[in-house]
Amino acid sequence: MGFLSPFATYLEQAEAERGQRNALGIAKRDKHYASRTLAAIRRADFETYKQNIRPIEDRLIWMYKNPEQRANAVQASRDAVARSYRASGEQLQQRFAGQGLRLSPAQQTAIQRRQDLSQGLADVNAANQATRAVDARDSRILGGGSAQRYGGGAQ
């Protein structure tokens, strides 16, 4: 029994110490209690940062000033303009046909020239708008979502 006595004392002491530990498992009677607790809290916070915040930061860094996303946004806006003008040209032809109108080649050329000019202007405007939207998004990313517009006026 003499051999088990120190072991039993150790187990009783460990049981008693369990109630003397903080939530991080650090003994309250440890002479480095404060620094070990602070270090454990910082490690836990860093793990939370790595799991939850860092992936979002990485995604935002990837998005900021990404030339591929800018090109995709511009191309998507230009494609939308082209689809719109193609549909409006088809609707115009159907309307003329529905009314039984036949345009002369000169009239068709004049209408086509006007539509091409209008589509070109709309295409440039759409590309500019897409570029401005990407720039505004980049400003919001850089400013943490709080980018302000300077210069006044409704935009």
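In which helix is Thr 37 found? Thr 37 is found in helix α2, which covers residues 33–63, and this briefing starts from there before turning to salt bridges and to helix α3. The structure is a predicted model, and it holds 8 salt bridges, some of which are described below.

**Thr 37 in helix α2**

- Thr 37 has a relative accessible area of 12%, and because this lies under the 20% cut-off, the residue counts as buried.
- When neighbours within four places in sequence are left aside, the residues in contact with Thr 37 are Asn 22, Leu 24 and Ile 26.

**A salt bridge within helix α2**

- Side chains of opposite charge can pair when their charged atoms come close.
- In helix α2, the side chains of Arg 54 and Asp 58 form a salt bridge, with a distance of 2.9 Å from N to O.
- These two residues, Arg 54 and Asp 58, are 4 residues apart in helix α2, which means that about one helical turn separates them.
- An α-helix has 3.6 residues a turn, so residues three or four places apart point the same way.
- Arg 54 is partly exposed, at 37% relative accessibility, and Asp 58 is also partly exposed, with a relative accessible area of 37%.

**A salt-bridge network involving helices α3 and α4**

- Arg 70 and Asp 135 form a salt bridge in which the closest N and O atoms are 2.6 Å apart.
- Because Arg 70 lies in helix α3 (residues 67–98) and Asp 135 in helix α4 (residues 105–142), this pair ties together parts that are 65 residues apart in sequence.
- Arg 70 counts as partly exposed at 23% relative accessibility, and Asp 135 is partly exposed with a relative accessible area of 32%.
- A further salt bridge joins the side chains of Arg 137 and Asp 138, at 2.9 Å from N to O, and both of these residues are buried.
- Through salt bridges that share partners, Arg 70, Asp 135, Arg 137 and Asp 138 belong to one network.

**Helix α3 and its ends**

- Helix α3 has 32 residues and spans 46 Å from its first C-alpha to its last, which is close to the 46 Å expected at 1.5 Å a residue.
- The buried residues of α3 include Val 74, Val 81, Leu 92 and Phe 96, and among the elements that cover its buried residues are α2 and α4.
- At the start of α3, a side-chain oxygen of Asn 66 comes to within 2.9 Å of the backbone nitrogen of Glu 68, whereas just after α3, Gly 100 adopts a positive phi of about 75 degrees.

Terms used:
Residues are numbered from 1 along each chain as its sequence is written. This is a predicted model: local features need pLDDT of at least 70, side-chain atom pairs count only at pLDDT 80 or more; totals for chains, interfaces and linings use all residues. Side-chain values use heavy atoms; hydrogens and water are left out. Buried means under 20% relative accessible area, exposed over 50%, partly exposed in between (1.4 Å probe, protein chains only). Contact means heavy atoms within 4.5 Å. A salt bridge is a side-chain nitrogen of Lys or Arg within 4 Å of a carboxyl oxygen of Asp or Glu. The expected span of a helix is 1.5 Å times one less than its number of residues. A polar contact is a pair of N or O atoms within 3.5 Å; within protein, one must be able to donate a hydrogen and the other to accept it, and residues adjacent in sequence count only if both atoms are side-chain atoms.
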